[in-house]
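Visitor: Please take me through one part of this model at close range. I would like to see the aromatic pairs and the packing around them.

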Amino acid sequence: MNLTVKPAQQDKEIIVTFEGENVIVETVGFEGTDCVKETAGLLEALGAKDIKRTLKPEYHKADKKVKTERLRLG
Amino acid sequence: MSHLDEAKTTMKDTEALVRALCSTLSLNRNQIEIHEKAQPIIGYHGTEDRKVGNVIIRKQHSKIPSDVGWEMKDGVLVGHLDTFQYGGSRINYGQAFQVKLTESYNFEKTKMIYEAKGLQVVVCRDSKNRLQLRAKLAKAATQAKIRL
């Protein structure tokens, strides 16, 4: 028997924090390198220089992980 | 994947600068001049300072006895500001003002970008009381087929 399971959906969100002349751009819930593509336009429009990038593997793992449970039916 | 970028910024957009000036200096839009071709800025002595600006606040509205302006140079808006602290003046256009203006510019520009994309934008403050803009995109649609 095939059963399609949809895991809890995660919102894709871009959080931009403003601190003086600096911006901190955080992305949550993206798959693969979509997050980098999504924020590239914003950083370019803001004339961003000296970008310090921190990848967040905890989200990366969370995106890929699909929680499955074997159910006993009947 | 998710990530965190931290970067310094530069002002490049006239419209975002005008919005930032309105909010930082509590001005109306019609108190700020916008020129396609840069115009002379009038200094303290009432004479042209040989500086020009594409965005100008005349002294009637600048709250100091001279004009202040921003000139578009090589795609970047460069400020021509009189940073002298005048007696009785309510404002100083020094470093603190410029940092505050850049922050406001970044906020306005980011808001313009995400609103133009039709995204849901929420403005709030974080735990350190920093201004924050949150743009929500469509939910990630992932699913898996399981054979039982």
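Guide: What follows goes from the aromatic pairs to the helix, the cores, a hairpin and two buried polar residues.

This is a predicted model, in which local features need pLDDT of at least 70, side-chain atom pairs count only at pLDDT 80 or more, and totals for chains, interfaces and linings use all residues. Residues are numbered from 1 along each chain as its sequence is written, chains are lettered from A and ligands numbered from 1 in the order in which they are written, and side-chain values use heavy atoms, with hydrogens and water left out.

A search of the whole structure finds two aromatic pairs over all chains. Rings of Phe, Tyr and Trp (its six-membered ring) pair if their centres lie within 6.5 Å; planes under 30 degrees apart are stacked, over 60 edge-to-face, the rest tilted. A:Phe18 and B:Phe107 have ring centres 5.6 Å apart and planes at 85°, so they are edge-to-face. A:Phe18 belongs to strand S2 (residues 13-19) of chain A and B:Phe107 to helix H3 (residues 95-116) of chain B, so this pair joins two chains. Helices (H or I, at least four residues) and strands (E, at least two) are DSSP runs, numbered from the N terminus. A:Phe18 is buried at 1% relative accessible area, and B:Phe107 is buried at 11%. Buried means under 20% relative accessible area, exposed over 50%, partly exposed in between (1.4 Å probe, protein chains only). The rings of B:Tyr93 and B:Phe97 have centres 4.8 Å apart and planes at 70°, so that pair is edge-to-face. Both B:Tyr93 and B:Phe97 are buried.

Now the helix. H3(B) has 22 residues and spans 31 Å from first C-alpha to last, close to the 32 Å expected at 1.5 Å a residue. That expected span is 1.5 Å times one less than the number of residues. Just after H3(B), B:Gly118 has a positive phi of about 75°.

H3 of chain B also gives two or more residues to the largest nonpolar core, as do H1, strand S3 (48-57) and strand S4 (68-73) of that chain. A nonpolar core is a set of buried Ala, Val, Leu, Ile, Met, Phe, Trp, Tyr and Cys residues joined through side-chain atoms within 4.5 Å. Of its 24 residues, B:Leu17, B:Leu21 and B:Trp70 touch the most other members. H1(B) supplies the largest share, seven residues. A second, separate core has 18 residues, including A:Val25 and B:Leu131.

In chain A, S2(A) and S3(A) form a hairpin with two residues between them, and A:Gly20 in the turn has a positive phi of about 60°. Seven bridges join these antiparallel strands. Strands pair if DSSP finds at least two bridges between them. A:Ile15 stands opposite A:Glu26 in S3(A). Six of the seven residues of strand S3 (residues 22-28) of chain A are buried.

Two polar residues close the tour. B:Thr9 lies in the loop between strand S1 (2-8) and helix H1 (14-25) of chain B. B:Thr9 is buried, at 9% relative accessibility. Its side chain reaches the backbone oxygen of A:Glu21 at 3.1 Å. A polar contact of 2.9 Å joins the side chains of B:Thr9 and B:Asn106. Such a contact is a pair of N or O atoms within 3.5 Å; within protein, one must be able to donate a hydrogen and the other to accept it, and residues adjacent in sequence count only if both atoms are side-chain atoms. B:Ser66 is buried at 2% relative accessible area. The side chains of B:Ser66 and B:Asp82 make a polar contact of 3.2 Å.
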